[in-house]
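Visitor: I'd like a close look at one part of this protein, with enough of the surroundings to place it. Could you bring it up and walk me through it?

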Amino acid sequence: MTHSLVCADTVSRVSSVLNRNTRQFGKKHLFDQDEETCWNSDQGPSQWVVLEFPQRIRVSQLQIQFQGGFSSRRGCLEGSQRSEALNKIVDFYPEDNNSIQTFPVPAAEVGQLKVTFEDLTDFFGRVVIYHLRVLGEKV
């Protein structure tokens, strides 16, 4: 059965936070299910989120809700076991809008994921994400 795999024991890291204001724009807002909060990156050519899961998972879908005007035209999902190098799983191509977008993921068993956002629509290279969900099952 497919369900959200991010839990309280999942360790997350992000490339940057706007003005280092983690209270208002920090990574925790990616997973809090609150429509009023978001992760807002600082400037850069690309932005990323790394997730380290407490156990191996089998990913089937990635769901992302951007703020229109602060999204990505191209993304890359990479994964690995904890101590191994990251391997590319799939490229995905988001639309620049406010809706929750779902991207299928070829079956991959991993302990760690990295989602990289490239070709950002914001002139300064910022991305704003309200929800990030990794769907699949525990292995």
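Leaving out residues up to four places away in sequence, which residues does Arg126 touch?

Guide: Keep in mind that this is a predicted model. Arg126 touches Leu18, Asn40, Ser41, Asp42, Gln43, Phe70 and Leu120, once you set aside residues up to four places away in sequence. Its place is in the loop between E7 and E8. With a relative accessibility of 22%, Arg126 counts as partly exposed, because buried means under 20%. The side chain of Arg126 also makes a polar contact of 2.8 Å with the side chain of Asp122. If you look along the chain to Val139, 13 residues from Arg126, the two C-alpha atoms turn out to be 35 Å apart.

Stay in that loop for a moment and find Thr121, which also sits between E7 and E8. Thr121 has a relative accessible area of 19%, so it counts as buried. Beyond residues up to four places away in sequence, Thr121 touches Gly69, Phe70, Ser71, Arg73 and Asp96. Phe70 is a handy landmark here, as it is in the contact list of Thr121 and also in that of Arg126. One of the Thr121 contacts has a polar side to it: a polar atom of the Thr121 side chain lies 3.3 Å from the backbone oxygen of Gly69.

From there, hop to Gly68, in the loop between E4 and strand E5 (72–80). Gly68 comes out as partly exposed, because its relative accessibility is 29%. Leaving out residues up to four places away in sequence, Gly68 touches Asp96, Asn97 and Asn98. Asp96 should sound familiar, since Thr121 touches Asp96 as well. As for Asn98, it is 30 residues from Gly68 along the chain, yet their C-alpha atoms are separated by 5.1 Å.

Now follow the chain to Gln101, which lies in strand E7. What is its accessibility, and is it buried or exposed? Gln101 is buried, because its relative accessibility is 9%. The side chain of Gln101 reaches the backbone nitrogen of Glu95 at 2.7 Å. Its contacts, leaving aside neighbours within four places in sequence, are Leu62, Gln63, Ile64, Phe66, Pro94 and Glu95.

Two of those names take us into the core. Leu62 and Ile64 are among the residues that touch the most other members of the largest nonpolar core, together with Trp39, Leu113, Phe117, Ile129 and Val134. That core has 35 residues, and the elements giving two or more residues to it are strand E4 (47–66), strand E6 (87–92), strand E7 (100–120) and strand E8 (128–138). Leu62 itself touches Phe92, Gln101, Thr102, Phe103, Val105, Val115, Leu132, Arg133 and Val134, again without residues up to four places away in sequence.

For a contrast, try Glu35, in the loop between helix H1 (22–25) and strand E3 (39–40). Glu35 is exposed, because its relative accessible area is 51%. Apart from residues up to four places away in sequence, Glu35 touches Gln65, Tyr130 and His131. The side chains of Glu35 and His131 are joined by a polar contact of 3.2 Å. These two are 96 residues apart along the chain, with 8.3 Å between their C-alpha atoms.

Let's zoom out to the whole chain. You'll count one helix and eight strands, in the order β-β-α-β-β-β-β-β-β along the sequence. Taking contacts between residues at least 6 apart in sequence, 77% join residues at least 24 apart. Of the 139 residues, 47% count as buried. The radius of gyration is 14 Å, which agrees with a compact globule, because a globule of 139 residues would have a value near 14 Å. Along its principal axes, the C-alpha trace spans about 40 × 30 × 25 Å. The accessible surface comes to about 7,200 Å², and carbon and sulfur atoms account for 47% of it.

And the cysteines? The structure holds zero disulfides. Cys7 counts as partly exposed because its relative accessibility is 34%, whereas Cys38 is buried, with a relative accessible area of 8%.

Definitions and conventions. Residues are numbered from 1 along each chain as its sequence is written. This is a predicted model: local features need pLDDT of at least 70, side-chain atom pairs count only at pLDDT 80 or more; totals for chains, interfaces and linings use all residues. Side-chain values use heavy atoms; hydrogens and water are left out. A nonpolar core is a set of buried Ala, Val, Leu, Ile, Met, Phe, Trp, Tyr and Cys residues joined through side-chain atoms within 4.5 Å. Buried means under 20% relative accessible area, exposed over 50%, partly exposed in between (1.4 Å probe, protein chains only). Helices (H or I, at least four residues) and strands (E, at least two) are DSSP runs, numbered from the N terminus. Contact means heavy atoms within 4.5 Å. A polar contact is a pair of N or O atoms within 3.5 Å; within protein, one must be able to donate a hydrogen and the other to accept it, and residues adjacent in sequence count only if both atoms are side-chain atoms. The radius of gyration is taken over C-alpha atoms; the globule rule is 2.2 Å times the number of residues to the power 0.38. Accessible areas come from the Shrake-Rupley method with a 1.4 Å probe; for residues, only the protein chains shown count as cover. A disulfide is a pair of cysteine sulfur atoms within 2.5 Å.
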